[in-house]
Amino acid sequence: MKAIIVVIFALISGPLLAAEQIKVPFKLGLGKTLYDEHCASCHGSDGFGVDKKGPPLMHKYYEPSHHSDQSFYRAVQQGVKQHHWNFGDMEPVPAVSQRATGNIIKYVRWLQQQHGIH
Ligand code: HEC
């Protein structure tokens, strides 16, 4: 019984600790806040996607040479037709301005770098 509890604890705390180890630089704080508010529900608070909702942005598909910053602006303004995955379409996110999107992109690019995506 004790062993089971230890294993469960390890499973829960492992990913949490891993997420905490990456310290977000102060200048990216706004981008992170906006991302957490508007994107994380589908793309994951860690950027690795959410089951049945949205794909990981921490993925080779979304490195700058494959999906430029422009594709992020377009996704937020116009939405995205399903094409790479089976999560369905992404609706536009009108609450997020161009400028806010710029901040989100800076944060996502930085997070991608931390994970060795580019
Ligand atoms: C309600 C769910 C949902 C939310 C909220 C959401 N997305 Fe998405 N997003 C998706 C899905 C689903 C796709 C994948 C479409 C495909 O390629 O099949 C996607 C794809 C994308 C893409 C790839 C665009 C392309 O050209 O292929 C980008 C970039 C993106 N999202 C950025 C964002 C950003 C930034 C936010 C927050 C402002 C956000 N998304 C919020 C669901 C969401």
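Lys52 is exposed, as just 9 other C-beta atoms lie within 10 Å. Burial here goes by that count: 20 or more other C-beta atoms within 10 Å of a residue's own makes it buried, 12 or fewer makes it exposed, anything in between is partly exposed, and the C-beta atoms are placed from the backbone. Lys52 sits in the loop between helix 3 and helix 4. It has a positive phi of about 65° although it is not a glycine. Most residues other than glycine have a negative phi.

A word on what you're looking at: this is a predicted model, where local features need pLDDT of at least 70, side-chain atom pairs count only at pLDDT 80 or more, and totals for chains, interfaces and linings use all residues. Residues are numbered from 1 along each chain as its sequence is written.

**The overall picture**

The chain has 5 helices and 0 strands, so read from the N terminus its elements go α-α-α-α-α. Helices (H or I, at least four residues) and strands (E, at least two) are DSSP runs, numbered from the N terminus. Of the 118 residues, 17% count as buried. Contacts mean C-beta atoms, placed from the backbone, within 7 Å of each other. Among contacts in the chain with a separation of 6 or more, 53% come from residues 24 or more positions apart.

**Helix 5 and the core**

The largest nonpolar core has 13 residues, and those with the most contacts inside it are Tyr35, Leu57, Ile104, Ile105, Tyr107, Val108 and Leu111. Such a core is a set of buried Ala, Val, Leu, Ile, Met, Phe, Trp, Tyr and Cys residues joined through C-beta atoms within 7 Å. Helix 2 (29-38), helix 4 and helix 5 (98-114) each supply at least two residues of this core. Helix 5 gives the most, with 5 residues.

Buried positions in helix 5 are Thr101, Asn103, Ile104, Ile105, Tyr107, Val108 and Leu111. Helix 2 and helix 4 are included in what covers them. Take Val108: leaving aside neighbours within four places in sequence, Val108 is in contact with Tyr35, Gly47 and Leu57.

The length of helix 5 checks out too: at 1.5 Å a residue its 17 residues should span 24 Å, and its end C-alpha atoms are 25 Å apart, which agrees. The expected span is 1.5 Å times one less than the number of residues. After helix 5 comes Gly116, with a positive phi near 70°.

**Helix 2**

In helix 2, the buried residues are Gly31, Lys32, Leu34 and Tyr35. They cover an arc of only 165° around the axis, which puts them on the same side of helix 2; the arc is that of the directions from the helix axis to the C-beta atoms. These buried residues pack against helix 3 and helix 5.

**Three residues side by side**

| Residue | Place | C-beta neighbours within 10 Å |
|---|---|---|
| Phe72 | helix 4 | 20, buried |
| Arg109 | helix 5 | 19, partly exposed |
| His67 | loop between helix 3 and helix 4 | 17, partly exposed |

Phe72 is in contact with Thr101 and Ile105, leaving aside its neighbours within four places in sequence. Phe72 and Gly102 are 30 residues apart in sequence, with 8.8 Å between their C-alpha atoms. Arg109 and Leu57 are 52 residues apart along the chain, and their C-alpha atoms are separated by 9.4 Å. His67, not counting residues up to four places away in sequence, touches Tyr61 and Tyr62.

**Around the ligand**

Of the 24 residues around the ligand, Cys39, Cys42, His84, Phe87 and Met90 come nearest. A residue gets into this shell if its C-beta atom, placed from the backbone, lies within 6 Å of the molecule. The elements that give two or more residues to the shell are helix 3 (40-43) and helix 4 (69-78). Helix 4 gives the most, with 4 residues.

By class, the shell has 13 nonpolar, 10 polar and 1 charged residues. For those classes, Ala, Val, Leu, Ile, Met, Phe, Trp, Tyr, Cys and Pro count as nonpolar, Asp, Glu, Lys and Arg as charged, and the others, Gly among them, as polar.

Key
Two residues are in contact if their C-beta atoms, placed from the backbone, lie within 7 Å.
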